[in-house]
Amino acid sequence: MRLESLSDIGLEKREWAAKQSRVYRKLKLWFLVHEVVQNSKFILLLLIGFWFYQPIFTPWLYKILWQLRFLTQNAVAWVIP
Amino acid sequence: MDPESAFSEIGPRIFAYLRRLGLTPDDSQDGVQEVFFRALRSKIDWNAPKAYLFKIAYHIAIDIMRKPFQEELDKDIPTPFPYEDDFLSVLHPEEKQIILLIYQELLTYEEVSRITGKPVGTLKSLVSRAKKKIKEEA
């Protein structure tokens with residue numbers, strides 16, 4: 001193998017072929033996770049804040065369920081007469 | 001060119017570049033992934049991505065090669081690449097990088113200068129020194 005033949009990468013191409021699809025899938029997954037985290041930083045920080053305030057999930061669940069029940073029970077009030 | 005076709009076209013070339021620098025298959029694979037990850041993150045122009053991708057690969061290769069010696073000892077023995085005639089082994093890693101960018105990727109001195117941040121004159125003297133070393137070894 002001499003300098004002039006360095007541009008031929010046949011051997012490495014064969015080695016890479018076995019890895020390519022796996023690496024691409026991993027890359028897509030990492031990038032997706034990265035984008036989700038980057039674009040939802042505010043919500044994540046808010047959730048972490050809530051979690052520090054009340055680390056048990058059940059009270060939050062009851063709050064959400066209560067809100068949903070309240071909104072559905074008073075659905076008629078949404079309609080502007 | 002979209003990122004997926006750039007990955008299938010330039011990916012193998014970056015893999016070969018890292019492999020020929022003496023990195024293990026796993027390190028080279030991680031290196032290619034890191035190159036494209038950084039490129040996607042920095043939203044580059046995918047119409048002519050080669051020089052930019054190699055610029056990232058150049059810096060990643062430096063980072064990987066600077067890993068502490070102990071980490072290398074803890075690892076399994078790296079799989080040697082089956083070259084019949086590995087004449088690049090006589091070169092310093094820095095010379096190897098320049099030689100690969102010029103002779104493997106067929107980039108001009110100006111392009112390599114933009115990638116490495118070294119002046120063209122320095123690159124030319126590095127290449128001639130590397131060629132001399134290879135000739136002496138042969």
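Which side chain does the side chain of Glu95(B) make a polar contact with? The partner is the side chain of Arg129(B), at 3.4 Å; a polar contact here is a pair of N or O atoms within 3.5 Å, where within protein one must be able to donate a hydrogen and the other to accept it, and residues adjacent in sequence count only if both atoms are side-chain atoms. All of this comes from a predicted model, in which local features need pLDDT of at least 70 and side-chain atom pairs count only at pLDDT 80 or more, while totals for chains, interfaces and linings use all residues. Residues are numbered from 1 along each chain as its sequence is written, chains are lettered from A and ligands numbered from 1 in the order in which they are written, and side-chain values use heavy atoms, with hydrogens and water left out.

Sticking with Glu95(B), this residue sits in helix H5 (residues 93-104) of chain B; helices (H or I, at least four residues) and strands (E, at least two) are DSSP runs, numbered from the N terminus. Glu95(B) has a relative accessible area of 4% and so is buried (buried means under 20% relative accessible area, exposed over 50%, and partly exposed in between, with a 1.4 Å probe and protein chains only). The pair with Arg129(B) also passes as a salt bridge, with the closest N and O atoms 3.4 Å apart; the rule asks for a side-chain nitrogen of Lys or Arg within 4 Å of a carboxyl oxygen of Asp or Glu. Because Arg129(B) lies in helix H7 of chain B and Glu95(B) in helix H5, the pair ties together parts that are 34 residues apart in sequence. Arg129(B) itself is partly exposed, at 47%.

Glu95(B) has another salt-bridge partner, Lys133(B), with the closest N and O atoms 2.9 Å apart. This pair again links distant parts of the chain, Lys133(B) being in H7 and Glu95(B) in H5, 38 residues apart. Lys133(B) is partly exposed, with a relative accessible area of 29%. Leaving aside neighbours within four places in sequence, Glu95(B) is in contact (heavy atoms within 4.5 Å) with Leu126(B), Arg129(B), Ala130(B) and Lys133(B). Elsewhere in chain B, Arg13(B), Lys50(B) and Glu105(B) are linked in a network of salt bridges. Over all chains, the search finds eight salt bridges.

As for the overall fold, chain B has seven helices and zero strands. Of its 138 residues, 49% are buried. Among contacts in chain B with a separation of 6 or more, 63% come from residues 24 or more positions apart.

Next comes the greasy part. The largest nonpolar core (buried Ala, Val, Leu, Ile, Met, Phe, Trp, Tyr and Cys residues joined through side-chain atoms within 4.5 Å) has 50 residues, and Ile14(B), Tyr17(B), Phe36(B), Leu53(B) and Ile99(B) touch the most other members. Helix H2 (20-39) of chain A supplies at least two residues of this core, as does each of several chain B helices, including H1 (3-20), H5 and H7 (120-137). H3(B) gives the most, with nine residues. Beyond its neighbours within four places in sequence, Ile14(B) is in contact with Val32(B), Val35(B), Phe36(B), Leu53(B), Phe54(B) and Ala57(B).

Now for the interface. The contact takes 22 residues from chain A and 34 residues from chain B. About 2,900 Å² is buried between the two chains, with carbon and sulfur atoms giving 69%; buried area is the accessible area (1.4 Å probe) that two parts lose on being put together, summed over both. Two salt bridges are counted between chain A and chain B. In one of these, Arg19(B) pairs with Glu15(A), the closest N and O atoms being 3.1 Å apart. Arg19(B) counts as buried at 4% relative accessibility, whereas Glu15(A) is partly exposed at 22%. Six residue pairs are in polar contact across the interface, both residues at pLDDT 80 or more. On the side of chain A that touches chain B, the largest share, nine residues, comes from H2(A).

Two loop residues round off the picture. Lys43(B) has a positive phi of about 50° although it is not a glycine, and its place is in the loop between H2 and H3 of chain B. Leu106(B) likewise has a positive phi, of about 55°, without being a glycine, and lies in the loop between H5 and H6 of chain B. Lys43(B) is exposed at 62% relative accessibility, and Leu106(B) is exposed at 62%.
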